[in-house]
Structures are given as structure tokens and as C-alpha cells.
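Trainee: Could you take me through this structure? I would like to know what stands behind each term.

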Amino acid sequence: MPSITRPPGPKGHFLLGVLREIREEDVKYATRMAREYGDIVFMRVVNIPTYLISHPRYIEEVLVTNYRNFIKAVYLRESRALFGEGLLTSDGEAWVRERRVGQRAFRHEHIDTYAQTIVRFAERKLNQWQEGETRDVHKEMMRLTLEIIARVLFGRELADELESAEAAISVYLDQFADRFGMYVVPEWVPTPGNLRYRRAMCQLDGIIYDAIREGRRSNGDERSLLSAFLHAQQHYGIEMTDLQLRDEMATLFFTGHETTGLALTWTLFLLGENPAAEARLIDELEAVLGDRQVTLADLRRLKYLDWVIKESLRLYPPAYGVVREALNDCEIGGYTVPKGATVAMFQWVVHRDPRFFENPDTFRPERWEDGLVDRLPKFAYFPFGGGPRNCIGKDFAQLEVALVLATIMRRFRFRTVKGHRTWPLPSLTLRPEYGMKMELLKSAAGSRESMPDSRELTVDS
Ligand code: HEM
């Protein structure tokens, strides 16, 4: 018999619940609550009853075993102006239909073309950089991944439009963070924030509709993701309206660059803080690639590169939490989670749990040697989510991050500028709040011998 008592948790303010604490402590609040109260914690965020779940077994129940009982939570549903009824936010029949078409779009047959595009765009970016200068690496990586996704999505470059698209997405993320927990004020109320947001979304719509019109007119570049959606009727008898196409394209445009841009940013930061790991990576690239550009076929041999990326996604998961809403009462960990409650599962918390990772706050790519992935309990490490709603772009993302990183690190190394504050700001994704100012140094193989090999810098948890 499931118990009807609530799991333990913080009392919170009578009106705001724990909203103030979340705003003050950001992601660290969830970690503190999980360590203090356990694997299932009850808290109220304004009027939203929330269950924080931090054990892999319970996470598997929500995302896999009992996934039909959960829909996307209010936090995402309230982002309709950007995502509409696209793959990330839709539920039920609509989601099943969209996932089938989406799956086809991510078939592997064009992967080599995508790999070449990624390396070409990364090389082009490096040609704009000079040794000794300081750049905001976050800005640079966002622009690069935006250029790449625009090409892969629409089959052409969106040169002038990218700046407006970037600005619109930043407005959306600010709005997401500002509105967090305050959904009692609907999106249509003309507050200054809502008006700014609506204007930004209109601008983004203009860019996306233009690209769709162009795709329809030219019958789409066969290898673009848009083309797979345009041909959905042919393959599945599903006719996509312009509005449906807009929602899918806006979803992929956002998800397809924001997360990979962040993965690259946080990885460059971690490497900059950890010269021994950086040197080992550069040596591996030198040994496998010599003077030539990286290709898809090389990735198999770049083992250390793979561990570096895994470790970075563990410590700084760009999608740092997965949130659902219960459709019916259900039982988790011996407690009844009532219909309508929100269930929050944070990669940020579980990935830093000492039960699963030794010295969890330390950046140590070597921990992935000897098949750690297979030894870990399922859902102790889940940067791409899991179950039927896992990340549809996972393979593409891993390909892109690995190829860009290999291309960059052959030519440059990075050091955080002295005095620059690095703080992960959780909005929909985990962005560095103050950007990522880093100095560019020349990459040089063979410098490893002079490095203190055991130097492992602890990152902030
Ligand atoms: C390092 C990069 C990435 C990370 C860490 C990441 C992470 C995630 C996670 C955790 C989810 C599950 C969300 C949930 O269950 O609520 C997800 C879903 C999704 N991702 Fe990614 N993602 C990445 C890259 C990408 C890329 C490159 C694309 C597209 C080109 C993409 C498209 C999507 C879409 C459309 C969904 C929703 C899938 C569905 O609900 O069926 N992601 N991603």
C-alpha cells in the first residue's frame, strides 16, 4: 500500500514556497535539498507542488517504466510562444506523430555531410581568432553552433538573420528565468517583459517562416532536416501545415544549437582550468591526426576526447534538469505523488552524487576509462534524458561537440581571464551568467611532461 504521507522537505514561505531560495542559490539549492532530505523531497514553488527526485531508480520509473503517466511540466508548456506544439513541448498523439517524422530526419545516411559541414564551419571560425587575444568563448560557441544548425536544418546559411535570431533566443531565456514560478501571470498580459518577449518571438518567426517558404519553393535540400519534414506526407501520409513546420523548426533551431554551444563552452572552461587534461587531449589529437583535419572516421580512435566530453556533460550538463507533471496519482519511493504534481529530476544533482561518482566535483576524464558507463546504475548519468522522450539529437550533438572540440584544440588552448566570474545560471539551459572570457593560447603537443600530472582542479559545486 503506498503511503499517503508527504516526503520530507523544506517548509518554505507561506506564499512563495521555496521560490526565493531557488532564485538565490540556483542549481545548488536542489543539491542541498537532496543531500539534506534524501532521494525524494517535497517542496512548493509558489502554487506548484514539486517532488525533487534524485535516485536513479526513481528517475527510471518516471522516464521509462511509468512514462505514460507523465507529461511535460508547466515550465515547458509555458514556452509555447517559442516552441508551439513542437517535439519538445507536445504530448500524446501529436508527440507520437512528430517523433516518427523527427526520427526519420535524424537518420544516419547524411551524417558524413553533416560532419564535413561542422568541421568546415569550425575551421572558418578559427581563422577569425588570433593567439594572445581574449574572447567571450560562450558567445563564440553559440554563434558557431547557430551557424551549423541553420545550415543543417534549412540546407542554407542564414547570414544576416543570425544576429536577430541570437538576440531573440536570449530574450526568450531571460524571460524563462524571470517568469520561473510566476505562471499566475499569463504570457499574454502586456507586462514590459512579456511585450519584449512577444516582439522577439515575432522576429524569430519571420526568420523561420522565410526559411520554410524557401524550402517549399526549392523543394528543400535533400539532406536538410527541414526536407525530412517537408516529405513527411510522402512517407507517413502526414501533411505538415506551415504552423506545424514552424513549431518543429523553431524547436530544432533552439535545441540544436543552445545545448551543444553550452557543452563546448563548459568543456573549454574545464580544460582551461585543468592543464594536465588539456595537454593529454592535445597529445592525443597530435598522435591521431598529425597535421590534418579531423574526420568522422577518426572519432573512434579519439578516446580521451570522448572521456573529456563525457566528464564535461557530467559536471555541467547543458540541460541540467528534466521536469514532468503527473497525470494521475502514482507511487514513487513509497510516497504518493498526486495528480497534477510536478516531478523534477536534476542531472546537476545526480551527476555529482558521491554514491555514484568518486570525488564527484572533480574534473577527471580518466574516470570514464574501463567502461564506467556500463557499471553505473541506469540514470546515474543521463545528460540526454532517457526513455521514449530522450534527446532526438543525441548522436548529432555528440558528433558536433567532438568534431568542433578536436578542430579547436589542434590550434588553440584557453585560460580563463583573471578575475572573470564563472557562474552557471539555470534558465531552460545552464548558461554561464557572465559569459566566458578566456585568453587564446597556441596549442602545442608534447607539453604534457612539464605538467603536474596529478593536478586536478576541483570545480565549484
Ligand atoms: C549536448 C547537447 C544536448 C543535450 C545535453 C541535450 C539534452 C536533452 C535532454 C536532457 C532532453 C530530454 C528533455 C526531457 O525529457 O524533458 C532532450 C530532448 C530533446 N532534444 Fe536534446 N540535447 C542536446 C542536443 C540536441 C540537438 C543537437 C538537438 C537537435 C538538433 C536536440 C533536440 C532535442 C529535441 C527535439 C528533444 C525533445 C525530444 C522529445 O521530446 O521527443 N537536442 N535533449
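**Two sheets and a ligand**

Mentor: Helix 13 (residues 242–273) lies across strand 9 and strand 12, and runs at about 80° to strand 9. This is a predicted model: local features need pLDDT of at least 70 and side-chain atom pairs pLDDT 80 or more, while totals for chains, interfaces and linings use all residues. Residues are numbered from 1 along each chain as its sequence is written, and side-chain values use heavy atoms, without hydrogens and water.

Trainee: What makes helix 13 lie "across" those strands, and how is its angle to strand 9 defined?

Mentor: Contact means heavy atoms within 4.5 Å. The axes are lines fitted to C-alpha atoms, for helices over the stretch in contact, and angles run from 0 to 180 degrees between N-to-C directions. Helices (H or I, at least four residues) and strands (E, at least two) are DSSP runs numbered from the N terminus.

Trainee: Which strands make up the sheet with strand 9, and in what order?

Mentor: The order is 4-12-9, an open sheet of 3 strands with antiparallel pairing. Strand 4 (134–136) and strand 9 (412–416) each have a single partner strand, so one side of each lacks a neighbour in the sheet. Neighbouring strands here are turned by 40° against each other on average, direction ignored.

Trainee: How do you know that strand 4 and strand 12 pair?

Mentor: DSSP must find at least two bridges between two strands. Strand 4 and strand 12 (residues 437–442) have 3 bridges and run antiparallel, so they meet that definition. In this pairing D136 stands opposite K437, and T134 opposite E439. Strand 9 is joined to strand 12 by 5 bridges, also antiparallel, with F414 opposite L440.

Trainee: What is the pairing in the sheet ordered 1-2-8-5-3?

Mentor: That open sheet of 5 strands has mixed pairing. Its edges are strand 1 (40–45) and strand 3 (70–72), each pairing on one side only. The average turn between neighbouring strands is 35°, direction ignored. Strand 2 (residues 48–53) and strand 8 (residues 342–346) are parallel over 3 bridges, and T50 stands opposite T342.

Trainee: Which strands do helix 2 and helix 3 lie across?

Mentor: Helix 2 (residues 27–37) lies across strand 1, strand 2 and strand 8, at about 135° to strand 1. Helix 3 (residues 56–65) covers strand 1, strand 2, strand 3, strand 5 and strand 8, at about 125° to strand 8.

Trainee: Now the ligand. Why is C391 called a donor to the iron atom?

Mentor: Donors are N, O and S atoms within 2.8 Å of the metal (3.2 Å for Na, K and Ca). The SG of C391 is 2.3 Å from the iron, so it qualifies, and C391 is the single donor from the protein. Water is not among the atoms, so the site may look incomplete. C391 sits in the loop between helix 17 (372–375) and helix 18.

Trainee: What makes the W95 pair with the ligand a polar contact?

Mentor: A polar contact is a pair of N or O atoms within 3.5 Å. A polar side-chain atom of W95 is 2.7 Å from a ligand oxygen, so the pair counts. A side-chain N or O atom of R99 is also 2.7 Å from an oxygen of the ligand, and a polar backbone atom of L87 is 3.4 Å from one.

Trainee: Which element gives the largest share of the shell around the ligand?

Mentor: Helix 13, with 5 residues.

Definitions and conventions. Polar contact = N/O pair within 3.5 Å; in protein donor to acceptor, adjacent residues only side chain to side chain.
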